[in-house]
Amino acid sequence: MTNMIADETVAKSKVLSVFDFDGTLTHHDSFIPFLRFAFGKRYFAGRLVRMALPTLHCVRRKLTRDELKEVLIRTFLTGVDERWMRQQAEMFCEKYWNKLMRPAGVMAVAAEVNSGAEVTICSASPALVLQPWADKLGIKLIGTQLEVKDGKLTGRITGHNCRCAQKVARLESVYGDLNDYHLRAWGDTRGDHELLAAAQDPHWRHFHPPKARRNSPLKKSGAA
């Protein structure tokens, strides 16, 4: 009886299905591979050397993950043509779709769309880079916004890096009060904990092998 009541409640509610991208729908991170693809191995390697010291500072907690991400974006994307970046993003998606995407994740997205839910990606990766992937999945996209002036990327982020509490804040800015929805969420890292905690139907590393689902934050919060 309890399950029937829960099912009826979901049916009467607006369902918002939110998927993290990197590591959840994909086998691994997409942004670094994208940078290597877009700029070429030699240029990529040369710029990556500049990230050694900031990365060390992050490991030693002298720099936050968000600050390290800002350094990465500034190092690679300052002054880059926005239109060129979008073209590179399209080509990267076309070339690496089958290699990068988890088939079970793609099927889950399609199932949510077919159920009539409102479906979106919510990711810390730049929205400009992920737009082709969202378009191919046929869903909406919320991601970290890159600042553009006169058609060029400035190397700065507009607003905040879309991770942790910012994921919930960005969802609320787009969809309004999340309590008006039955929220379903899929995530795989610390950056998704707040999103999963806000969901009535959270999924931790749902498309990963069973061993990778250990240390679930859902068990600690009592949501599992």
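A good place to start is a single residue pair: Thr120 stands opposite Lys140 in β3. The model you are looking at is predicted, and this pairing leads straight into its sheet. Strand β2 (residues 118-126) and strand β3 (residues 140-149) run parallel and are joined by four bridges.

**The sheet and its covering helix**

Those two strands belong to an open sheet of six, ordered β4-β3-β2-β1-β5-β6, with mixed pairing. At the edges sit β4 (152-158) and β6 (201-204), each of which pairs on one side only. From one strand to the next, the twist averages 30°. Helix α9 (residues 165-175) lies across β1 (14-19), β2, β3 and β5 (181-187), and its direction is at about 95° to β3.

**Two helix crossings**

Now let us turn to the helices, where two crossings can be set side by side.

| Helix pair | Axes come within | Crossing angle |
|---|---|---|
| α2 (residues 31-39) and α3 (residues 41-49) | 6 Å | roughly 125° |
| α6 (residues 82-100) and α8 (residues 127-137) | 8 Å | roughly 50° |

With axes crossing at roughly 125°, α2 and α3 are therefore oblique to each other. Their crossing is right-handed. On the α2 side, the contact is made by Ile32, Leu35, Arg36 and Phe39, and on the α3 side by Lys41, Tyr43 and Phe44. Sorted by class, this contact of α2 with α3 has five nonpolar and two charged residues, with no polar ones.

For the other pair, the axes cross at roughly 50°, which makes α6 oblique to α8. Here, too, the crossing is right-handed, as α6 passes α8. From α6, the residues in contact are Glu82, Met85, Arg86, Ala89, Glu90, Phe92, Cys93, Tyr96, Trp97 and Leu100; they meet Leu128, Val129, Pro132, Trp133, Lys136 and Leu137 in α8. The class count for the contact of α6 with α8 is 12 nonpolar, four charged and no polar residues.

**Aromatic pairs**

Ring pairs round off the picture, and the count comes to 13 aromatic pairs. One of them brings together Phe37 and Phe92, whose ring centres are 5.5 Å apart; their planes stand at 50°, so the pair is tilted. Because Phe37 lies in helix α2 and Phe92 in helix α6, the pair ties together parts that are 55 residues apart in sequence. Phe92 is worth a second look in the viewer: besides pairing with Phe37, Phe92 is among the α6 residues that meet α8.

Note on methods:
Residues are numbered from 1 along each chain as its sequence is written. This is a predicted model: local features need pLDDT of at least 70, side-chain atom pairs count only at pLDDT 80 or more; totals for chains, interfaces and linings use all residues. Side-chain values use heavy atoms; hydrogens and water are left out. Axes are lines fitted to C-alpha atoms, for helices over the stretch in contact, and angles run from 0 to 180 degrees between N-to-C directions. Angles under 35 degrees count as roughly parallel, over 145 as roughly antiparallel, 65 to 115 as roughly perpendicular and the rest as oblique. A crossing is left-handed if the near helix is turned anticlockwise from the far one by less than a right angle, and right-handed if clockwise. Contact means heavy atoms within 4.5 Å. Ala, Val, Leu, Ile, Met, Phe, Trp, Tyr, Cys and Pro count as nonpolar, Asp, Glu, Lys and Arg as charged, and the others, Gly among them, as polar. Two strands pair if DSSP finds at least two bridges between them. Rings of Phe, Tyr and Trp (its six-membered ring) pair if their centres lie within 6.5 Å; planes under 30 degrees apart count as stacked, over 60 as edge-to-face and the rest as tilted.
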